[in-house]
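Here are a few friendly notes to read alongside the model. Please keep the 3D view open as you go through them.

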Amino acid sequence: MEDHVKNLSKLIGHDKVYVDPATIKLYSKNAVYYEGNALAIVFPESTEDVSKIVRYAYENDLKIYPQGSASEIVGSSTPKDDGIVMSFVRMRKIKDVSYIDSYVVCEPGVRLVELNNYLKGSGYMFPIDPASIKSATVGGAINSGSGGMMGAKYGTMKDWVLGLEVVLPNEEGSVLRLGGKTTKNREGYDLIRLIVGSEGTLALVTEAILRITLAPEEVVTVAGFFNDLEDLMRCVINIKESKLDILIMEFVDDVTTKITIDTIKPRVSGSGHLLITSVSTVKEAAQRVLDKLIDIYNRNNSSNIVSARSMEEAEALGIFDIRRNLYPATIKIASSSLEVDEEKPYIFVEDISVPPSRLVEAVKRLRNISEKYGFPMTLGGHVGDGNLHPVVWIREGDREKMDQFNNFVMDIMKMAVELDGVISSEHGIGMVKKDGLIMSYRRRNSLYALKLMREIKRIFDPKSILNPDKMLPSDVY
Ligand SMILES: Cc1cc2nc3c(=O)[nH]c(=O)nc-3n(C[C@H](O)[C@H](O)[C@H](O)COP(=O)(O)OP(=O)(O)OC[C@H]3O[C@@H](n4cnc5c(N)ncnc54)[C@H](O)[C@@H]3O)c2cc1C
């Protein structure tokens, strides 16, 4: 490895190649559980740096593990000891913005929160808002195909990328510029959409042209609790039928609401299933829209209703406290369940989607699966688009439970597919869901799709040096 470090340092500069144990440890783990041990961490500062590193890696069969903030939770950015982590944290320039043409051009290391801070005051925003918005980078969000709370209205990253500059993992480290600054584009196969959500397995993103949109003039929000899941779902349907412009529609189930309230003592409190709905509107109509929303909640037997006429008021009242703290509360409970100090909990965030009309069935079946295996589970999700995030935790030392874990997750994924859903919505496949991918395509009699994906990977990355063994199962044909 010493030779590689020397050579890479010569190629791009000593201050961009790190091998000290502390840096290696820091950049070899993701946000939850997965840890590797990279040979070195490189910090390119330009497309040219990236291309030079790729050429060297190709020639020397060195694997490259691309990384933004490593906030992913499926092991898609974690390195093995056969390669280097390429961190994009130093490529964080916002290069251009046009409000006439509605785009922003930026480097991959820009964090989504920085993008929106930059746009603040212009009336525009970038609408993809993962809960990890403060750390998630543009490159990481593109490669994860990320979504967020506003997914019901704005979709996911795949809907917001107009153009990409990428470096291919080939002999030349070729630089490609795909797409451009227009919303319409029919120039052959859509390679941009292929790269979005590819989990760093096809190409290294060095620049992105992202579509931006007008921020809503006003946002009104209502939160309320429901004893009966059917009442909550009828409320969702009534809100959809009322043709309100739904921006956010978040759900936390009754068991989880109680756990979160007991753990973090939020400002908004109640018992039962929680539904939070935000609707975008104009200032003049805000009160009318709010009244309509409150009326729908009341008609569906909601209790402890809290409402806000603006996002600022919603924040001041703590309306999103329970939903936002679901994951931290879960970590707290998981950690308190440990019996030995050095032990760490294995925490897994599921990411299935079902058509929203089948959510009641999905929630009931999830609770049954959790009971069947005796795994504790918190449950929340984006009810507007049918994306559910059950979170389970196990003591690492509990061998019996760890052994059952794969079957447990497989039962959840099977349930999603049976309800016409998908096994991953925004977090990706990484190292944890390859079996689910096979199951999902097999059930649709479409395993050949996985073969096509393997072939695509081979064309982009002939020596498999880029994030190998991630996302795609190796041999199922
Ligand atoms: C508390 C918490 C909440 C979260 N909430 C959400 C949520 O609401 N919605 C959601 O979608 N996700 C969520 N996530 C998951 C994660 O934060 C997002 O997927 C995020 O967009 C990843 O960004 P990142 O910069 O950390 O990327 P990383 O984790 O560093 O990388 C993600 C993937 O992109 C690849 N990659 C990174 N940069 C590049 C590049 N320049 N070129 C090629 N490949 C690259 C990596 O190899 C990896 O496969 C959450 C995570 C946590 C910990």
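How many residues surround the ligand, and which are the closest?

1. The ligand is surrounded by 35 residues, and Gly 68, Gly 139, Gly 140, Asn 143 and Gly 200 are the closest. A residue is near the ligand if its C-beta atom, placed from the backbone, lies within 6 Å of it. This is a predicted model, where local features need pLDDT of at least 70 and side-chain atom pairs count only at pLDDT 80 or more, while totals for chains, interfaces and linings use all residues. Residue numbers start from 1 along each chain as its sequence is written.

2. Look next at where this shell comes from. Strand S3 (63-67), helix H5 (138-144) and strand S10 (204-211) each give at least two residues to it, and H5 has the largest share, with five. Helices (H or I, at least four residues) and strands (E, at least two) are DSSP runs, numbered from the N terminus.

3. Now turn to helix H9 (residues 254-264). Its buried residues (20 or more other C-beta atoms within 10 Å of their own, placed from the backbone) are Asp 254, Thr 256, Thr 257, Ile 259, Thr 260 and Ile 261. They pack against strands S13 (246-252), S14 (273-281) and S17 (377-382), and against helices H12 (321-324) and H13 (326-336). After H9 comes Lys 265, with a positive phi near 45 degrees.

4. Finally, find Leu 274. Among the residues that Leu 274 touches (C-beta atoms, placed from the backbone, within 7 Å) are Phe 225, Phe 251, Thr 257 and Ile 322.

Conventions
Contact = placed C-beta atoms within 7 Å. Buried ≥ 20, exposed ≤ 12 C-beta atoms within 10 Å, placed from the backbone. Lists of a residue's contacts leave out its neighbours within four places in sequence.
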